[in-house]
Every structure is written in structure tokens, then in C-alpha cells.
Amino acid sequence: MILVWLIVILMVGGMLAWISGKINRTLPRWVALASVGAVFGITLYLWLTNPIPVLGSAWLIQFAQPWIPQWGISFSLALDGLSLLMLLLTFFIGLLAVLISWREIQTKVAFFHFNLLWVLAGITGVFLTMDLFLFYFFWEVMLIPMYFLIGIWGHENRRYAAYKFFIFTQASGLLMLLAILGLYFIHGSQTGLYTFSYFELLNTTLAPEAARLLMFGFLAAFLVKLPVVPFHSWLPDAHSEAPTAGSVILAGLLLKTGAYGLLRFVLPLFPTATVEFAPWAMLLGVIGIIYGAILAFSQTDLKRLVAYTSVSHMGFVILGVFAFNEWALQGVVMQMITHGLSTGALFIIAGFLYERLHTRDIRQMGGFWSTAPKMGVIGLIFVMASLGLPGLGNFIAEFLTLVGSWQANNWLTVFATIGLVMATIYSLRIMQKIFFQEYKLEQPLPDMNAREMLIAIPMVAMILWLGLYPQPVLDTARPSIQEQLQAYTKSVVEQEPIARVDDNETVTIPEKATMLEKSKKAKPSSDLQIPKSSN
Amino acid sequence: MTLTDFQHLMPLLILTVAVLVAMLVIAVGRNHKIMYVITAVSFLAAFASLFELRDGGRYTIEPLLVVDGFGVFYIGMILLTALLISMLSYAYFEQREERKEEYYILLLLATIGACVLVISKHFASLFLGLEILSVSLYALIAYLRKRERSDEAGIKYLILAAFSSAFLLFGMALVYASTGTMEFAGIAAAITNFTELPLLLLTGFGMMIVGIGFKLSVVPFHMWAPDVYEGAPAPVTAFIATVSKGGVLGVLIRFFMEVDGFRYPTLVLILTIVAIASMLAGNLLALLQRNVKRILAYSSIAHLGYLLVAFLAGNQMGVEAVTFYLVAYFITTVGAFGVVAMLSDKERDAEQLEDYRALLWRRPWTAAVFTAMLLSLAGIPLTAGFVGKFYILAAGVNTQLWLLVVMLALNSVVGLFYYIRIVAVMFQQPEAEAEADPRGKLRPSIYVASVGTLTLLALLLVYIGVYPSGLLQVIQGLIATAAP
């Protein structure tokens, strides 16, 4: 029941925020802050009180209530480590989104916060639901408010960007709906039980041809959302035209729903079809890493630049997902969280700069370190995070992903590593263009004020914590990752061993073992799992 | 006729009596409000009388009519829609100069026609119902006779509808010539042995499809729709888009299920082509429009295409899907045209996209209702349209009509584009802050009536979108009893 409350609080909070706008202009902000704070508190409480379950039952809390029994649809929510982490990220970023809009959004405040909270509610639903109909439902619910966020409060070219975002995601979502329906009827005709329940549908046996088609239906939605390179063109527009809160939510959360969908649905539902598709998916991932990095380097619009870094970083996600081993998936989960934080932070800094300069063009910036050192330091930290400096969260994520994907495909991993070098180049360019070089403005740039520091410091703390002591996160994610991989540990052995992850034999290559020891984060154990604690 | 016959025909009788009473009342003295009350009460009474028939099973009144669960549900749907439309009409006509009273007589008559259609089981009653409906519509469309375009639309509809009726009649005659009967059941019995339709019969069915297709405004018989939608008064447009099409679709379903037309690949092929063409043409042409009524006209062409997809599924689930989608479509269309009617002023209807600019900041509630209606047409969750579209897709996937289903999905995206465009226009910033709303002059009581109707529709829309089980139960319960 507590899971339902998470969604209900956000939805009701959204309504209240809209209504309270009639009374007072700042009241909606407080209502929004209070409701996101409440759900964040609840989730944190859940994390701290619930023991990490042992293998076999990854689920912490489950809730199910028939909704449309005629079609076998139930209002079914469930929480495991993966969704718990995603929810924490969602509400943390949600809080930041409310805070950064405090000064930036001055028109139609009430309606803005309504949309903000409803986007969060939709995302929460996506991360929690275990019914495919309900999943599609929430998948769509988060679109409309996001469309309004971009379309009403965005920058100059907002309407075009909002259209594009909406149509891309809607079109791909419909393909997923068709795949869901296909799965529903195949399962129904096999077992006589017509249901959209995730747990039931997991047991469907599919002919290879059908599995392939259905998988592409799901992939369409998730790859567009992620986005993977040929389908990424909505992202730079949407990110750069959205208001800061919108960009932060897009980069921090909406992209993660795609990755989450891959982990939660595509991997367990279509174990054989994904293995066939894996080399291509990994190739797309590598192309995304390199292509995103090159385009990021050549941008002059700061928000667009950060948007392309997202494309590059999301390449690691797809690379890791299709490596089908625990290390890579741990890396993916870490990447989802750390990318949400670091890219969110970069968008927030872009927002701060825009508030002061009314431009996003980095050619007009420069030398801000001298007048705004606090902003410089914060910027430096997140730029370093984004290039994968050890000690910050993104390093762990990318490192784990690469270790995992090396086992699956050596050559593609080599190319992916090139992406890290390129990340260094574009990240340093951000630093250099904005904070170094000579100062171009007439009057001094005001440094960050107390409210802005209040936003930035928790993010710094989080990214440092994730970089220095990621073990709690890895522990939380582990049972559910093993659950997602169950089908592979069985089927992969019989299949063409694209991803050789065997249960008992150690295939650890010595070179990697030493790498791991160097990182001091985890030592390889015999079954290729990251131990709970290394000492 | 026996007493039970009367009981089963009660809704129709009530409406007929109401028409007579209304005519007498006009002879005594003209009063808009009294006319409106008579109409609304008769719709309500007719609807209430349906509760008697709720679980009566199949009852035939030989040789013309059959009252069963299917018919009762469709009559109920038609009556409620007509009631809502009359509520919207009151506000719309109150601010106009023309004589308003006869409008209600025509509305009642057209509703009777539609009701007869959905319970007919014989070509004679089919044609009778269709003509009662059409003839009333000729007058309704041209009702605002001082408007040039209204006249034009009326004449256009008159000519084309008469033409299509001729096709229908000819088709019926050919079917009669080859089967020797005009009853649906008789035709079914006569052709039950054919695996392939003989040419004469096929021609007959083809011509009937032309006649029916015209009423449904599916491609290639859709040419009249945009002009008539644009020219007719907004409430009448709502009526054409909902009651008239719903009635015709009802009889089409009954006929096809009875005859089992899905056995014949030629007929299915024709309808498949019609469905795909309607979806494509409706959506693509809607993209080019700047006039809201025309956009809605093309969108209704596309929606009829969607409905045909479920219809072509040709089984129980398909019929349920069509019915469910019709309910959602009725609510949405009446709501959308209700907004148009409400924003219209004395001279013209609010039909240009410009009329909707920044509506959200001028009249937030109206704009919110309109947004909900458009999103429902686009099939976005939390609205009835989403569940309806889902149902149709499910029916299509179930019978593996992959081509149609994929076309539907693609078309939904195209459709989304123009619905969202209207929404975007409403959400734009106002150009000048001081722009006062020129259309606030309605008397408050009337204003409240139409806002109340729209609110009701919006609530219904969301209710069905969030909790479709209730409606599903009703549909499945009533239609299961009707399975021929």
C-alpha cells in the first residue's frame, strides 16, 4: 500500500499545487516541495529499514489490486532493489527540480508545479509497476506533462522541440503497445490465462520469430527513450529548449526509464532474441559513445553540448545491458544514477549561467573562475565526474560497465574506451571555455548564492559518496540484477556463447583481476559476483 | 400489436409522442425554454423506459424489429448523446435570432430514426430509419438559413445523401432479387451454403456498402463530411458525427454478424481497403486544415477507420471493442463540439484556430475540457479514448489483422500531431494582456448549463479512462445476450 501512496501523494500534490496557485503565488512551490520531500522521506525510510533480501526473492514489497479484471489487468506494483534505487534518484532529482525553479519560473507557477509533480508521478509509476498495461499507461502519463513543461516554459524554439519529443516517444511507445498485446495474446493462447502480469508473462515460451518481433517492439520504445544513436535526434532539441527543471528531469530521469525498461522487461522476457541481437546493440552503443562525444565537442550551445554528452553516456548503458553479466549490469545501474546526478548538475549550472547572462552560447562566456569561484569549483567537480575521474561516481559506473562488456565483446569494448578519452576532451573544453580564458563581460558575474549552494552541495556530496563508497548501492541492486539475469545463466550456456558467463567456472582474465584490485572497490570472487564487502 | 410489443417499443413511442406534443405546443405559442424542457424530459423518459428492457433478452416484433441487449445498449447510447446535444443546443440557439423551436422537433425525429436503425432486422425498417434520420438532418444542417455556408452544406448533404440512398435501395433490390427475402435472418439462411458470393449478390452488397459508407463518411465516400461539418451549426455537427454515424454502424454490425459477411474474402477486402484509406486520408488531410471544425471532420473520418478495424475482427470481442470505442468517441466528440458551440458567438462559430489562441489563460476550464477531449481523441491514457483504442488494438491483434493494426498505430501518431497542435495553440501566451473576452455576454443560467454539460462529459471521460470495468461489464453483459 505504501507504494500506492508514493504515486498518490505526487498526483494529489500536483492537484493541490495547481489549486493553491489561486491563493498565493509561492504556495505551489511549497506544496510541491513538501510532497516530493514526503515521498523522498518515505523511500529513504524504506531503503534504510528494509534488509537486502537474499537471492531468490528480490522483491521487497508487493501490492496488487484488480483493476480491469475482464482483461486481466491489475494495479500491480512491486519494489525491488533496482526500483528502490531509481525511486531514490527520482525523488532526489525531483527535489532539486523544485528548488531550481524557485527563481527561474515566474509565469504560471501553479500549473508548472502541477506538471512537474505529474511527470514525477508517471516516472514513479514506470519504476514500480509490474503489469504491462499499467506500465504502458504510466509510460504515456509522463509524456503529456513533460510536453507542457517544454512547450510552455521552454526557450525560444520550444514548440518545435516539444512536438518532436512528443511524437518520437509516442510513436515508439505505440510499437511497444503492439508488442505488449502480442505477448498478451500469445501467452493467453498458450496457457488460457489472459493477463498482463509481468510475473506471468515471464513464463511465456516464444517461437524465435515471434520473440524477435516482440523484442523489437519493446526495443523501439526503450531505445528511442534512452536514446540510442539513430533515434537520438529528439534529445538535443528537447534538452536544450526545456527549462532547467525540465532538462534535469529529462536527462536525470526520463532517459533512465528507457534503461530501466531494458533491464526489467527486455532482458528477462526475451532471453534468446536479445542474445542474437546483442552484438548489434553493443555496436549501436559504441557508435553512440563516439558519435555523442564528437558532437558534444563541436557544440557552442552549452545545454546542447551537455545533451550530446548524455547521448555518449547512454551508449555505455546499452553496451552494458547487452553484455549480460552482473558486472556490466551493476555498471549500468551505477551509470543511471551517476549520470542522472552529474548531467543534472551540469544542466543546473547551465541554468544558473543562463539566469545571469541570458545566453547559452559558450563563445560569449569565459574567465568566470575569477569572479565566481564557487561556481567554478562546482562546475569542475561535475565536469570531472562526467569525464570519469576516479573518486567520483561515474568512474565506478563506466569501469564496471567496461569490465563487464570486455567479457562479452573485446573489440567493441576497446572502441568504447576511446569514448572515455573523448569525454576528457569535451569535458575539459567546457571548463576551459567557461571558467578560464580571458574575462569578456563588462560587469562581474555574481557568484552562487545560498539557495544555489543548497542545491549544489548535496549533489557534490552524492557524487563523491557514490565514487568513494558505492557498496550500499551495489548491494541494493544486486539481488534484482541477478533476478533479471536468471534466464541467461541458464540459456546462454546452451546458446552460442556470445556472452560467456558461466555459473561455476571462473573465466576471469588475470588482467582484469589486477585491475579490480587496483580499484580497491571489489575483489573478484570465484563466481564473478561482486562481494558484499571486500574485507 | 400486443401489450408487450408496446412495452418494448416504449422508447420510440415516447419520442414520437414528444414530437407531436412539441408541434402542438408551437401551434399554441412559441417558447424556447418549454420546447427545450419537453425535449429533455422525453429523452430522459425514453432512456428510463429502457431499464424495463435491460434483461429481457431477445424480443422480435415481426417482421421488422428486434429488441435485444445490443439494440438496447445502442438506443441508450443514442438517447443520452441526443440529450447532451440538446443541452448544448439550448445555449447555442438562445443567442441566435432564428426561430428556434422547430429545431427540437427535428432533433427528436432524427433520434427516432437512429433508434429504429439499431433495432431493425429487415431492409424495410432499415431504410425507414435511415430516411427519417436523413430527412431530418437535411433540415437540421441548413437550420441557420441566413448563413450562406449552412445552406450550402444542407444542399450538399441533401443531394449526396439522396444519391447514396438510391445506391442503398438498388443494392437491397439486388439482394432481394437473388435471395427472395428482405429479412436479415432470411438472407443469412439463403446464402449460408455459398462459399463464394455470386456476382449479383456481391454487387448488391457492394452497393449497400456504398450507401452505408456514405453515412459513415468513410473514404472514398467522405467528400461531404468537411463541408457539412463546417457549415452546420456546431450542435448539429456533433449530432451528425455521433448519433447518425453510431446508428448506421449499429445496423451495419447487426447485418454483418447476422449474415456472417466475414466469411467472404471479397467483402473483407473491400472493407479493409476502406478502413486503411479512411485512416490515412482522414489523418493526412486533417494535417492541412486550419479550421477546427474541418480538423474534427477529418479526424472523425479517421476514427471511423479505426472503428472498422475492430469491426473487421468479426468476433464478439470486435463488437465489444466497437461499442466501447463508440461510447468513448461519442463522449469526446460531443464534448469537443460542445466547446466549439460554447465559444461561438452570434455571427459565426468559433472554428478558426485563431479563436483558440491562448484560450487556457482566458477560460481555463473550457480549455482544460477541450484539451481532455482532444487527448482522448488522440488516445492518451487517463481518458476513455485510450482504453477504447487499446481495446481496438487488442481486438485486431487477437485476430491477427497485423496490417490494419500497424496502420492504426502509425495513424495514431499522425493524428497526435494535429490534436497536439490545437492544444499548443490554446496554451500559447496571449498576445496582448488586456485582451478582454468578447464572448462573456451569455446569461449566467445558460452559461452554467453548458459548462455543467461539458464538466459532466469531462468527468465521464476521465472516469471511463481510469475505471473502464464498469462500462465493460455493461457492454459485455448486454451484448452477450444478443449474440446471434
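**Where chain A meets chain B**

Student: How much area do chain A and chain B bury between them?

Tutor: This is a predicted model: local features need pLDDT of at least 70, side-chain atom pairs count only at pLDDT 80 or more, and totals for chains, interfaces and linings use all residues. Residues are numbered from 1 along each chain as its sequence is written, chains are lettered from A, and side-chain values use heavy atoms, without hydrogens and water. Buried area is the accessible area (1.4 Å probe) that two parts lose on being put together, summed over both. Carbon and sulfur atoms hold 81% of it, and the total is about 3,300 Å².

Student: Which three residues supply more of chain A's buried area against chain B than any other three?

Tutor: Their share is 19% of the area that chain A buries there. They are Gln70(A), Trp71(A) and Leu178(A).

Student: How many salt bridges does the rule find across the interface?

Tutor: A salt bridge needs a side-chain nitrogen of Lys or Arg within 4 Å of a carboxyl oxygen of Asp or Glu. Across the interface of chain A and chain B, the count is zero.

Student: Which element gives the most to the side of chain A that touches chain B?

Tutor: Helices (H or I, at least four residues) and strands (E, at least two) are DSSP runs, numbered from the N terminus. Strand S1 (59-68) and helix H4 (109-128) are among the elements that each supply at least two residues. With 13 residues, the top contributor is H7(A).

Student: How many residues does the contact take from each chain?

Tutor: Contact means heavy atoms within 4.5 Å. Chain B gives 38 residues, and chain A gives 32 residues.
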